[in-house]
Amino acid sequence: MPIEPASASPASPASSPSFAGAEHAEEVLDAPGSAESTVPVVLGAGVTDRGHRRRRNEDSFALTRATTPDGTATVVAVVCDGVASVPGGDTASRTACDVAVAAGHEAITSGQDLDDVAATAAEAARKAVSALAPGSGSAPACTYVAAVLDAGRAVVSWAGDSRAYWLCPGSPDESAVLTEDDSWAAEMVAAGIVGADDALSDPRAHVITRWLAADAPDVVARHRSWELDEQGVLFLCSDGVWNHLPEPAVLAAVLDGMPTDAESVHAGALALVDAALAEGGHDNATAVLLALAPTG
């Protein structure tokens, strides 16, 4: 049930509402059809906000639910951040999200496993953003982070500095960052050239080294798997959130306990964006929260 910011018509299973450039938009993933099963299902919600400083919102997100041929309910979620230094960042991020969830939905229903679904969605997004390039001038570009998950396992994939986290509200110190930033600072620290504090204070710190665009270096989204349980939630966000609240334990503490239903998942995503805005909101801020909850 998409909200932009009040209400709109529900999206089709393989699509998402169009809110490119919206100052504020929210979406709650529709619940699965059966309410009697006791098998845990994935609940999800997303929130995006322009923030306090930016003239427009170049972030986007998308969510979809699909069923495998053997009946397993599976979710695809994507967050993209348009690159502000080139024109068309909002179009790039919206295109990447829409194409990724559509390709992921089709891959799930055709029987691909989670790893292949993640790769299919990321590659479809890359090709779609590349196709946006004008005949001359800078090509629209965006970062990308996505999750493909069922009740037992998730695969996260990414290119750029949008992040995925595993958050444990009941044990915040057990929370963790799942992705590695494709940025100047992260690469300098990984190479042992400079320390983390010096790298993050450098003007080049947040210059991304991998992204989706026609003029980007050859990019195959990196990925990793994560076992899901009911003690944690999967969190995707743009750097407008994590720049203000980078520590996993701090993000986990923002949540008011474990989300148990669609309403509390939505409230959690909204709380995470609100927390970033309260810390300054210097950039567009987008959060997608995904949690397991029994349906019966």
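No disulfides are counted in this predicted model, a disulfide being a pair of cysteine sulfur atoms within 2.5 Å. Residues are numbered from 1 along each chain as its sequence is written. In this predicted model, local features need pLDDT of at least 70, side-chain atom pairs count only at pLDDT 80 or more, and totals for chains, interfaces and linings use all residues, while side-chain values use heavy atoms and leave out hydrogens and water.

The sulfur of Cys97 is 3.7 Å from its closest cysteine sulfur, in Cys80, which is too far for a bond. For Cys142 the closest cysteine sulfur is also that of Cys80, at 4.4 Å, again too far for a bond. Cys97 is buried at 0% relative accessibility, and Cys142 is buried with a relative accessible area of 0%; buried means under 20% relative accessible area, with a 1.4 Å probe and protein chains only.

Asp150 lies in the loop between strand E6 (144-149) and strand E7 (153-159), strands being DSSP runs of at least two residues and helices (H or I) of at least four, numbered from the N terminus. Asp150 is buried yet has no salt bridge, and the nearest side chain of opposite charge, Arg153, is 6.7 Å away. A salt bridge requires a side-chain nitrogen of Lys or Arg within 4 Å of a carboxyl oxygen of Asp or Glu. Two backbone nitrogens lie by the polar side-chain atoms of Asp150:

| Backbone nitrogen | Distance to a polar atom of the Asp150 side chain |
|---|---|
| Gly152 | 2.9 Å |
| Arg153 | 3.0 Å |

Helix H1 (residues 89-109) has 15 of its 21 residues buried, and Gly111, just after H1, takes a positive phi of about 100 degrees.

Note on methods. Buried < 20%, exposed > 50% of the residue type's maximum accessible area, 1.4 Å probe, protein only. Lys, Arg positive; Asp, Glu negative; His and termini not counted. Polar contact = N/O pair within 3.5 Å; in protein donor to acceptor, adjacent residues only side chain to side chain.
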